[in-house]
Amino acid sequence: MNGYQKYKAQSIYSMSPSELLLMLYEEAIKRMKKAQYALEDHDYGVFEDCITRTVKIIRYLNVILDMEQPISQDFRHIYEHLFYNLSLIRAGRDRRTEEIEEVIHILTEFREGFEEAGRQVGDMHVTSEKSVVG
């Protein structure tokens with residue numbers, strides 16, 4: 001691991017749980033926007049990579065849900081909806097950007113909701129955008 005990778009890993013380890021959650025949503029949104037541009041440019045390799053990475057992020061968000069919390073069941077349903085939409089986007093021959101925009105919208109709403117919740121509980125160190133390593 002080079003110096004930059006060590007620095008980036010250390011910065012992730014020093015984030016609060018709210019910041020880590022926001023970083024995951026930001027990365028998923030970024031990947032979906034990149035997938036949208038790649039689709040418009042007919043760069044299907046980049047498109048597939050972005051969808052795959054977004055699926056991995058959503059899968060992780062789904063796995064870490066605390067199912068003892070009542071709202072977690074609602075989140076799980078929304079994540080399942082996102083999985084379904086992503087599978088349609090990936091499989092569709094007539095790949096339409098409307099489905100991509102819907103996924104971006106849902107992820108953005110989640111991100112904004114968690115950002116506000118983090119502010120309300122004072123669990124934010126920094127409010128700048130971060131990126132997922134890898």
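Helices (H or I, at least four residues) and strands (E, at least two) are taken as DSSP runs and numbered from the N terminus. The exercises below concern a predicted model, in which local features need pLDDT of at least 70 and side-chain atom pairs count only at pLDDT 80 or more, whereas totals for chains, interfaces and linings use all residues. Residues are numbered from 1 along each chain as its sequence is written, and side-chain values use heavy atoms, with hydrogens and water left out.

**Exercise 1. Describe the overall fold and its burial.**

Step 1: the secondary structure consists of 5 helices and 0 strands, and along the sequence this reads α-α-α-α-α.

Step 2: of the 134 residues in the protein, 37% are buried, where buried means under 20% relative accessible area, exposed over 50%, and partly exposed in between (1.4 Å probe, protein chains only).

Step 3: among contacts (heavy atoms within 4.5 Å) with a separation of 6 or more, 70% link residues 24 or more positions apart.

**Exercise 2. Determine which helices supply the largest nonpolar core, and which residues touch the most other members.**

Step 1: a nonpolar core is a set of buried Ala, Val, Leu, Ile, Met, Phe, Trp, Tyr and Cys residues joined through side-chain atoms within 4.5 Å.

Step 2: the largest such core has 28 residues, of which Met32, Phe47, Ile51, Tyr79, Leu86, Ile89 and Leu107 touch the most other members. At least two residues of this core come from each of H2, H3, H4 and H5, and H2 gives the largest share, with 9 residues.

Step 3: once neighbours within four places in sequence are set aside, Leu107 is in contact with Tyr25, Ala28, Ile29, Met32, Thr54, Ile58 and Leu82. As background, nonpolar side chains in soluble globular proteins tend to be buried together.

**Exercise 3. Compare the salt bridges of Arg31 and Arg119, giving the spacing and the burial of the partners.**

Step 1: a salt bridge requires a side-chain nitrogen of Lys or Arg within 4 Å of a carboxyl oxygen of Asp or Glu, and this rule gives a count of 9.

Step 2: Arg31 is bridged to Glu27, with the closest N and O atoms 2.9 Å apart; the two residues lie 4 residues apart in helix H2 (residues 17–40), about one turn of the helix, and both Arg31 and Glu27 are buried.

Step 3: Arg119 forms a salt bridge with Glu115 at a closest N and O separation of 3.4 Å, and because these two are 4 residues apart in helix H5 (residues 97–121), about one helical turn lies between them. Arg119 is partly exposed at 46% relative accessible area, whereas Glu115 is buried at 14%.

Step 4: Arg119 also bridges Glu116, the closest N and O atoms being 2.9 Å apart, and this pair is 3 residues apart in helix H5. Through shared partners, salt bridges join Glu26, Arg111, Glu115, Glu116 and Arg119 into one network.

**Exercise 4. Locate the nonpolar surface patch that includes Ile64.**

Step 1: patches are made of residues with over 30% relative accessible area and no salt bridge, like charges being joined within 9 Å and nonpolar side chains (Val, Leu, Ile, Met, Phe, Trp, Tyr) within 5 Å; accessible areas come from the Shrake-Rupley method with a 1.4 Å probe, and for residues only the protein chains shown count as cover.

Step 2: Tyr60, Val63 and Ile64 make a nonpolar patch of about 310 Å². Ile64 sits in the loop between helix H3 (44–63) and helix H4 (70–91), and Ile64 is partly exposed, with a relative accessible area of 42%.
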